[in-house]
Amino acid sequence: MPSDPVSELMPLVYDELRRIAASYVRGERPGQTIQATALVNEAFVRLAGERARHFNGRTHFLAIAALSMRQILVQRARARNAIKRGGGPQRVTLDDANAANVEAAFRRPEGAPGDIDVLALDEALSRLTALDAELARVVELRYFGGLTVEEVAEVMGTSPATVKRQWALARAWLKRALDDGVRS
Amino acid sequence: MTPQQWERLKNLFQDALEQPAHERHAWIAERCADDVTLLREAEALLATHETVGTFLEEPARVDPGDLETLIPGTVIGSYKVIEEIGHGGMGVVYLAEDTRLGRLVALKSLPSALSMQPDLRQRLRREARAAATISHPAVAVVYALEEVNDHLFIASEYVRGETLREEIARGPIAPDRARAIAAEIAGALAAAHDAGVIHRDLKPENVLIKSDGGVKVVDFGIAQIEGPEATRLTRAGSMLGTPAYMAPEQLLGQTVDGRADIYAWGIVLSEMLTGHHPLQGRGDTRHVHLTGPFATVIARCLHADPSARYVSARELVTALGSDSLHKSTQGIESSHEGGLTPAPVSRFWWEFHQAVTALVYAVMVIPAWYARGQIGGWQGRAFFIAVVTTVVVATTARLHLWFTSRFYPGELDWVHRRSSRWIRIADWLFGATLVIGGVMIGDERSPLAIVLPSVAVGVVVAFLLIEPVTTRDAFKRSGISPSS
């Protein structure tokens with residue numbers, strides 16, 4: 001069914017990302033959150049030896065990794081929202097101090113203030129794709145994949161200067177879309 | 001925006017950035033003289049660019065735990081993940097399709113930290129096997145423990161419905177219903193204990209209420225892990241058991257038997273009745289004062305000393321049956337009971353309002369019948385059916401409220417919460433139908449063309465202006481807020 005190579009390789013990349021993440025979860029390495037860059041690079045290093053033949057080089061891998069990251073983060077944010085919503089608009093039941101502490105211990109740490117609303121970003125990014133797919137791709141690679149300008153240029157087959165210009169426009173456009181999104 | 005416009009905007013913006021910062025705006029204005037929309041867009045983008053700061057500069061951060069979740073479509077052994085349906089201390093639950101048997105299952109993925117430990121894995125295997133032997137209608141069946149690479153999954157019966165937590169969040173549950181649910185849970189516990197399985201994590205989140213009203217307790221035996229390995233897992237987000245529902249001996253890490261489940265059951269029952277956790281706000285949990293229905297039963301379950309609790313889950317069912325509902329025992333505090341206390345005098349006008357409104361609605365069926373004839377055709381029939389339907393809903397619900405208030409004041413709070421939205425919808429539809437009916441009567445001389453819309457106005461005024469007042473008066477003392 002999935003004839004396109006990206007969807008075939010996705011599980012492979014995704015699996016590797018998960019495996020690395022698991023080592024963080026087990027406490028083998030410190031840190032509550034890790035940068036996508038670190039994770040993606042590490043996954044590449046691990047996969048490069050054994051399964052690099054699946055990928056048309058490093059750039060191909062990075063592109064898939066960025067896409068996985070976006071899916072993972074969006075999926076997660078959506079699930080988290082669904083859980084928060086619970087059974088519709090209602091007051092929180094455990095309003096007592098004791099249980100609230102307990103609840104707090106179970107809640108995953110929310111992002112620091114000023115963090116990006118991943119769902120809103122994803123939605124805005126989809127709109128940007130409709131307008132200018134290349135620009136959106138640059139954002140996906142830079143933000144979700146943690147790629148540098150040079151790496152993005154390599155993946156996209158353009159020059160770093162072009163990527164820089166695209167990146168500036170995409171950031172301004174998205175910032176505006178997100179700020180507007182609050183109102184409308 | 002057309003592709004051409006976008007292309008132009010893009011070039012404009014990017015070229016503007018090549019200009020010295022202070023000349024950019026003038027530069028753009030000069031080039032957009034012919035197109036104000038474009039100018040405005042370009043100006044806005046440029047302005048945003050100047051204040052964009054570090055927006056998106058820092059790559060996304062990932063919580064490693066997030067990567068333990070599976071995206072829809074992932075295939076695990078013979079299971080295909082459809083969507084995530086829950087997330088708790090013991091991992092993430094997915095709705096998945098068992099492609100071998102073509103049925104839906106709840107697939108719980110256990111934290112990788114757990115599945116990495118051989119002895120824990122061994123224990124989970126044993127536990128899953130035991131859990132699979134429990135046979136009781138209120139126990140969600142465990143199908144299998146699946147081991148795929150480094151990951152452990154428990155496949156169990158998929159139960160469609162909402163959690164007891166969601167139901168409690170809507171407000172206290174009527175004593176009769178709470179009793180029925182609690183009895184079902186106790187039955188499930190008894191069956192599990194007979195099979196040698198202790199739940200260890202009974203809480204409203206683990207009790208599902210099916211759409212047909214049946215009860216299912218999920219996650220049997222999954223929390224059967226204790227000791228130092230478990231405490232290592234107190235990373236935010238994963239922990240075994242839920243402290244708020246844990247018996248003292250379980251919290252202290254001592255040996256636990258079925259009586260720990262009985263403790264949790266007592267808390268769940270109390271929470272169903274009052275809408276909140278019985279130990280809330282109390283630092284000293286050794287002295288709990290309870291009032292209201294089943295206070296003695298709950299108090300016995302919550303004993304810190306397991307030997308003072310009921311011995312078996314079967315006893316719970318008997319105890320529920322023998323407790324008379326409105327008996328108040330061991331009462332000291334009564335603050336939570338406000339919602340269940342009737343306020344008869346101030347409630348008279350509210351009851352009067354409900355009864356009169358119901359009567360007026362019912363009487364309106366007569367003019368509606370004549371209006372049907374005057375409108376004629378299928379429109380007339382549709383109009384009449386709409387009137388009768390809304391009248392039936394609104395009057396039945398109102399009379400039920402009136403009846404409850406008269407004869408079962410203790411349950412009024414609950415009934416009111418449940419029915420007020422229906423009544424509100426029926427009121428609006430009734431008013432709207434009358435107006436539409438009035439308009440559709442072709443003959444302007446017909447008195448009904450005036451009467452129907454007038455009554456509609458009266459109805460709207462009554463429920464928008466008068467009802468909130470009588471409701472507030474009636475419920476003020478009993479702590480119910482008028483829900484409108």
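In what order do the elements of chain A run from the N terminus on? They go α-β-α-α-α-α-α-α-α, which fits a tally of eight helices and one strand for chain A. What you're looking at is a predicted model, and chain B has a longer list of parts, with 17 helices and ten strands. Here's a quick tour, starting with the chains as wholes and then dropping in on a few helices and residues.

**The two chains at a glance**

- Chain A has 184 residues, and 46% of them are buried.
- In chain B, which has 484 residues, the buried share is 51%.
- Take the contacts in chain A between residues at least 6 apart in sequence: 64% of them join residues at least 24 apart.
- For chain B, the figure worked out that way is 64% too.

**Helix α6 of chain A**

- This helix covers residues 133-144 of chain A, twelve residues in total.
- From its first C-alpha to its last, α6(A) reaches 16 Å, close to the 16 Å expected at 1.5 Å a residue.
- How many of the twelve residues of α6(A) are buried? Nine are, so the helix is largely enclosed by the rest of the structure.
- The buried set takes in A:Leu135, A:Ala136, A:Val138, A:Val139 and A:Leu141, along with the aromatic pair A:Tyr143 and A:Phe144.
- Charged residues are on that list as well: A:Glu140 and A:Arg142 are buried in α6(A).
- Keep going just past the end of α6(A) and you meet A:Gly146, which has a positive phi of about 70 degrees.

**A buried aspartate in chain A**

- A:Asp122 sits in helix α5 of chain A, the stretch of residues 118-131.
- Is A:Asp122 buried or exposed? Its relative accessible area is 13%, under the 20% cut-off, so A:Asp122 counts as buried.
- Setting aside residues up to four places away in sequence, A:Asp122 touches two arginines, A:Arg70 and A:Arg78, plus A:Val74.

**Two helix pairs in chain B**

- Helix α2 (residues 24-31) and helix α3 (residues 36-50) of chain B have axes that come within 10 Å and cross at roughly 165 degrees.
- That angle is over 145 degrees, so α2(B) is roughly antiparallel to α3(B).
- The crossing of α2(B) past α3(B) is right-handed.
- On the α2(B) side, the contact is made by B:Arg24, B:His25, B:Ile28 and B:Ala29. Facing them from α3(B) are B:Leu39, B:Ala42, B:Glu43, B:Leu46, B:His49 and B:Glu50.
- The second pair is helix α7 (residues 175-194) and helix α12 (residues 313-322) of chain B, which pack at about 160 degrees with their axes 7 Å apart.
- Here too the angle makes the helices, α7(B) and α12(B), roughly antiparallel.
- This time, though, the crossing is left-handed.
- Alanines turn up in the α7(B) part of the contact, including B:Ala182, B:Ala183, B:Ala186 and B:Ala190. From α12(B), the contributors are B:Ala313, B:Arg314, B:Leu316, B:Val317, B:Leu320 and B:Gly321.

**Two buried residues in chain B**

- B:Leu107 lies in strand β5 of chain B, which spans residues 103-109.
- With a relative accessible area of 0%, B:Leu107 is buried.
- Which residues does B:Leu107 touch, beyond those up to four places away in sequence? They are B:Ile76, B:Tyr79, B:Val92, B:Val93, B:Tyr94, B:Ala96, B:Phe153, B:Ile154 and B:Ala155.
- B:Leu107 and B:Ala144 are 37 residues apart in sequence, and their C-alpha atoms are 9.6 Å apart in space.
- B:Phe383 belongs to helix α15 (residues 377-407) of chain B, and B:Phe383 is buried with a relative accessible area of 4%.
- Leaving out neighbours within four places in sequence, B:Phe383 has contacts that include B:Ala368, B:Ile375, B:Leu434, B:Met440 and B:Leu452.
- The C-alpha atoms of B:Phe383 and B:Trp369 are separated by 9.3 Å, with the two residues 14 apart along the chain.

**Cysteines**

- How many disulfides are there over all chains? The count comes to zero.
- Two cysteines of chain B are buried: B:Cys32 at 1% relative accessibility and B:Cys301 at 0%.

Methods: Residues are numbered from 1 along each chain as its sequence is written. Chains are lettered from A and ligands numbered from 1 in the order in which they are written. This is a predicted model: local features need pLDDT of at least 70, side-chain atom pairs count only at pLDDT 80 or more; totals for chains, interfaces and linings use all residues. Side-chain values use heavy atoms; hydrogens and water are left out. Helices (H or I, at least four residues) and strands (E, at least two) are DSSP runs, numbered from the N terminus. The expected span of a helix is 1.5 Å times one less than its number of residues. Buried means under 20% relative accessible area, exposed over 50%, partly exposed in between (1.4 Å probe, protein chains only). A disulfide is a pair of cysteine sulfur atoms within 2.5 Å. Contact means heavy atoms within 4.5 Å. Axes are lines fitted to C-alpha atoms, for helices over the stretch in contact, and angles run from 0 to 180 degrees between N-to-C directions. Angles under 35 degrees count as roughly parallel, over 145 as roughly antiparallel, 65 to 115 as roughly perpendicular and the rest as oblique. A crossing is left-handed if the near helix is turned anticlockwise from the far one by less than a right angle, and right-handed if clockwise.
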